[in-house]
Amino acid sequence: MTKITIAKGDGIGPEIMAATLDIILAAGAQLEIDEIEVGEKVYLAGNPSGIASESWDTIRKNKIFLKSPITTPQGGGYKSLNVTTRKFLGLYSNVRPCMSLHPFVSTKHPVMDLVIVRENEEDLYAGIEHQQTDEVVQCLKLISRPGCEKIVRYAFEYAKQQNRKKVTCFTKDNIMKQTDGLFHKVFDEIAKEYPEIENEHWIIDIGAAKLADTPEVFDVIVMPNLYGDVLSDVAAQITGSVGLAGSANIGEECSMFEAIHGSAPTIAGQNVANPSGLLQGAVMMLNHIGQTEIAEKVQNAWLKTLEDGHHTEDIFKEGTSKVKLGTKEFAKAVIANLGQKPSLLKAVSYANNSALILPKYQRKPAANKKLVGVDVFVQWNGTNPNELADKIKLIENNGIKLNMITNRGIKVWPEGFKETFCTDHWRCRFKSEESSELQKTDIIALLTNAINHNIDTIKTENLYEFDGKAAYSLGQGQ
Ligand code: NAD
């Protein structure tokens, strides 16, 4: 018997949760269920995180959370409960299998069977955003070595467990050499530990195009958070419907299982929603808690039901489908098929499918870190970078000189192009002469000079060398 927490959520949430629980309990799942309330009602009762603190206690105690979609009210500063839950509970890995059910569910990609493993905690989802000048806002993209190592290792261990042959990595490291560059580098390092699994890297733009066009060439794909968010919806949709896919959010202690779609408020309360997405989440949950036989029984009955042409409205197609069923009736059809297997679709076997146990991240010895310069960002409403350079040079200190000015990353001084469009947000790069080591007090002196010369500084970024290697990007065009 495993104790789990459930939340029925909003919109179609209660209907698909009822259907899912009916099916898995009928299959013999050994569960003790604690229910909590999350979502719209909790938000509107004045809790901006959509969840009460006692509910966190329940989730943390039970460790396993099956969650229906929720409605996040628009505007008003409400924080996404999904993002908060993933990060609070350290659910670093988001696993989304996307498989075609051809010819029973209409799809342009009949042989597609891939799994997206998405990093779930960092990247642009750190949600650290600031307006810096009248014209420019920024969002911080944070990628960490532990984050990369954990997710890449998870992808390879998952591939090994599931007998999958290849792990592909998607990044945009031709542009983001530090952040996506780290993800790619860690991928290459860890791939070497799994010689039996093929590995490859694609630049995300062409990778995404290939995924939408020829998904059958992919097996497991691992990627940073934002790309994974977007592309896992694309992948689920092109199998036939977003209503068919579930997702597992896995952490070292806790896990959350859900459908990938939202609360579909326009069809709520009408007994038409497809419960398959949440059911797929529940199947992953059963595997995770070691009830693999039940998971297998549910999955095979579900495949048989789809194969029989018993479909909910979202996937119902004249000619392919046989009977259009409501949410409750679909659940009954799956229950009636428990113990049976599909004949044309491949029946599943979950012999060794329980939770993956990965080694804990080991912090590496610290590198030799040397401060060699500073980027000072300033707001300035002029348009000619040469004029700005003349002003900025006045604040140079002994041994720390203006090296470059960029605007939105592109070098505009020295030797910029007059065609380059400039905003009011300028980065002035100062470097020590011959890369000698600077002290933080040198930066304070520089900023004090800036104040004395009426220069509007917004923020600074230190320029470091780690073990003698420059660890900052060059200006575009430098
Ligand atoms: P949605 O996924 O709810 O709906 C998109 C479309 O797919 C709609 O046409 C809907 O009717 C249909 N659809 C979705 N699930 C279906 C199902 N199971 N069966 C049949 N049809 C289904 O996306 P949305 O409309 O952009 O968002 C609605 C709300 O859900 C928003 O408040 C959003 O914030 C929230 N949301 C929640 C989650 C979550 O809790 N995990 C995820 C995404 C969106």
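**Figure 1. Pairing of strands S3 and S12 in the predicted model.** Strand S3 (residues 64-67) and strand S12 (residues 255-259) run parallel and are joined by four bridges. Within this pair, Lys 67 has Glu 258 of S12 as its bridge partner. In general, the strands of a sheet pair through backbone hydrogen bonds, in either a parallel or an antiparallel manner.

**Figure 2. The open sheet of 10 strands.** The strand order is S2-S1-S3-S12-S11-S4-S5-S10-S8-S9, with mixed pairing. Strand S2 (31-36) and strand S9 (198-203) are the edge strands, each of which pairs on one side only. From one strand to the next, the twist averages 20°.

**Figure 3. Helix H5 against the strands.** Helix H5 (residues 145-161) lies across strand S4 (93-99), strand S5 (113-119), strand S8 (166-171), S9, strand S10 (220-223) and strand S11 (246-250). Relative to S5, the helix runs at about 160°.

**Figure 4. Residues around the ligand.** The ligand is surrounded by 17 residues, of which Ile 70, Gly 262, Ser 263, Ala 264 and Asn 274 come nearest. Classified by residue type, this shell holds seven nonpolar, seven polar and three charged residues.

**Figure 5. Polar contacts of the ligand with His 261, Ser 263 and Ala 264.** A nitrogen atom of the ligand lies 3.1 Å from a polar side-chain atom of His 261. Backbone atoms also take part: a backbone N or O atom of Ser 263 is 3.0 Å from a ligand oxygen atom, and a polar backbone atom of Ala 264 is 2.8 Å from an oxygen atom of the ligand. On its own the ligand has 820 Å² of accessible area, 64% of which the protein covers.

Terms used
Residues numbered from 1 in each chain as written. Predicted model: local features only at pLDDT ≥ 70, side-chain atom pairs only at ≥ 80, totals over all residues. Heavy atoms only, no water. Near = heavy atom within 4 Å. Polar contact = N/O pair within 3.5 Å; in protein donor to acceptor, adjacent residues only side chain to side chain. Areas by Shrake-Rupley, 256 points an atom, 1.4 Å probe, with all protein chains shown as cover. Nonpolar A, V, L, I, M, F, W, Y, C, P; charged D, E, K, R; others polar. Pairing = 2+ DSSP bridges. Helix = DSSP H or I, 4+ residues; strand = E, 2+ residues; numbered from the N terminus. Axes fitted to C-alpha atoms, helices over the stretch in contact; angles between N-to-C directions. Contact = heavy atoms within 4.5 Å.
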